[in-house]
Amino acid sequence: MKNIMFDVILDRDGTLNVDTGYVFRVSDFSFTPGCVQALQALRDADARLSIVTGQSGIARGKYTEADMHAFNAYLVEQLHASGIKVAAIAFCSHHPKVSDCDCRKPKTGMLQQIEQKLGGIDWKSAWGIGDKPADSEMIIAMGGRAVLLRPGPHNAPTGKVYWREDDSELAGLLLDKRNFVASNIREAVEIILEHQN
Ligand SMILES: [Mg+2]
Ligand SMILES: [Zn+2]
């Protein structure tokens, strides 16, 4: 068995699959462009891949936890068919308004769950890829590095804008040279492979 060189924590909607808005039907599943090839490149660099996904649609009554698991299982199956292994998945099903949730991004509960499942993660060498600032804040809070994906028709066809590069709250994150912004997951993985080590 090959050694794990580093962990990559992947957001799901808008990062791995196209985010059509509270997506849960397998029939609505599609990979973002270049996703499979990008993950294969990470695999070939001996990265270990995990998924953390905010699924407040469950608390909002838009779909059930079983729907989400079916969607996740389909995603994992598709990746497996391309030779890509998912080491662990964590999700937050809570409503943003509940107070007893320690897992909604940018809180780090899901990353701690992943760490527990995998028996340890070296966060200093870990990366997170996601399409919202909360994805980046979460991995940075653990000591890891972030690549924030720009939203666009390729990953977020609803046109909902979650962040802008001139948002003042993002300045700190984007000024830190350990973190990056990329246009898509393929570019994100190029950045990671270039800056790893
Ligand atoms: Mg997302
Ligand atoms: Zn939660």
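Me: Before we look at anything else, what counts as a cavity here?

Reply: A cavity is a set of grid points where a 1.4 Å probe fits but cannot get out. Keep in mind that we are reading a predicted model.

Me: How many cavities of 30 Å³ or more does the search of the whole structure find, and what volume does the largest have?

Reply: The search turns up 1 cavity of that kind. The largest cavity has a volume of about 40 Å³.

Me: Which residues line the largest cavity?

Reply: Its lining is made up of Ile9, Leu10, Asp11, Val52, Lys105, Gly128, Ile129, Asp135, Met138 and Ile139. Three elements each give two or more residues to that lining: β1 (6-11), β4 (127-130) and α5 (133-141).

Me: How does the lining of the largest cavity divide by class?

Reply: There are 6 nonpolar residues, 1 polar residue and 3 charged residues. Hold on to Asp11, Lys105 and Asp135 from that lining, since we will meet them again.

Me: Let's turn to the metal. Which residues coordinate the magnesium ion (ligand 1)?

Reply: A general idea for reading a metal site is to compare its angles with ideal ones: 109.5 degrees for four tetrahedral donors, and 90 or 180 degrees for six octahedral ones. In this model, Asp11 (OD), Asp13 (O) and Asp131 (OD) coordinate the magnesium ion (ligand 1), at 2.1 to 2.2 Å. Water is not among the atoms, so a site may look incomplete.

Me: How are the donor residues of the magnesium ion (ligand 1) spaced in sequence?

Reply: The spacing reads D-x1-D-x117-D.

Me: Are Asp11 and Asp13 buried or exposed?

Reply: The cut-off for buried is under 20% relative accessible area. Asp11 has 7% relative accessibility, so Asp11 counts as buried. Asp13, at 12%, counts as buried too.

Me: Now for salt bridges. What should I look for, and how many does the search of the whole structure find?

Reply: Look for a side-chain nitrogen of Lys or Arg within 4 Å of a carboxyl oxygen of Asp or Glu. The search finds 8 salt bridges. In one of them, Asp135 pairs with Lys105, and the closest N and O atoms are 2.7 Å apart. Asp135 belongs to helix α5, while Lys105 sits in the loop between β3 (88-92) and α4 (109-118), so this pair ties together parts 30 residues apart in sequence.

Me: Which residues are linked with Asp135 in a network of salt bridges?

Reply: Asp11 and Lys105 are linked with Asp135 in the network. Asp11 is also a donor to the magnesium ion (ligand 1). As for burial, Asp135 counts as buried at 6% relative accessibility, and Lys105 is buried with a relative accessible area of 15%.

Me: Where do Arg150 and Glu165 lie, and how far apart in sequence are the parts they tie together?

Reply: The side chains of Arg150 and Glu165 meet in a salt bridge at 3.0 Å, N to O. Both residues lie in the loop between β5 (145-149) and α6 (171-175), so the pair ties together parts 15 residues apart in sequence. Arg150 counts as partly exposed at 27%, and Glu165 is partly exposed at 43%. Another salt bridge joins the side chains of Arg164 and Asp166, also listed at 3.0 Å, N to O. Asp166 counts as exposed, at 55% relative accessibility.

Me: Last topic: how many disulfides does the structure hold?

Reply: A disulfide is a covalent bond between the sulfur atoms of two cysteines. This structure holds 0 disulfides. Cys92 is buried, with a relative accessible area of 2%, and Cys101 counts as buried at 4%.

Conventions:
Residues are numbered from 1 along each chain as its sequence is written. Chains are lettered from A and ligands numbered from 1 in the order in which they are written. This is a predicted model: local features need pLDDT of at least 70, side-chain atom pairs count only at pLDDT 80 or more; totals for chains, interfaces and linings use all residues. Side-chain values use heavy atoms; hydrogens and water are left out. On a 1 Å grid over the protein atoms alone, a cavity is a set of points where a 1.4 Å probe fits but cannot get out, and a pocket is an open set with protein on both sides within 12 Å along at least five of seven lines; lining residues have an atom within 4 Å of a point. Grid points are joined across faces, edges and corners, and a volume is the space filled by probe spheres set on the points. Helices (H or I, at least four residues) and strands (E, at least two) are DSSP runs, numbered from the N terminus. Ala, Val, Leu, Ile, Met, Phe, Trp, Tyr, Cys and Pro count as nonpolar, Asp, Glu, Lys and Arg as charged, and the others, Gly among them, as polar. Donors are N, O and S atoms within 2.8 Å of the metal (3.2 Å for Na, K and Ca); water is not among the atoms, so sites may look incomplete. Buried means under 20% relative accessible area, exposed over 50%, partly exposed in between (1.4 Å probe, protein chains only). A disulfide is a pair of cysteine sulfur atoms within 2.5 Å.
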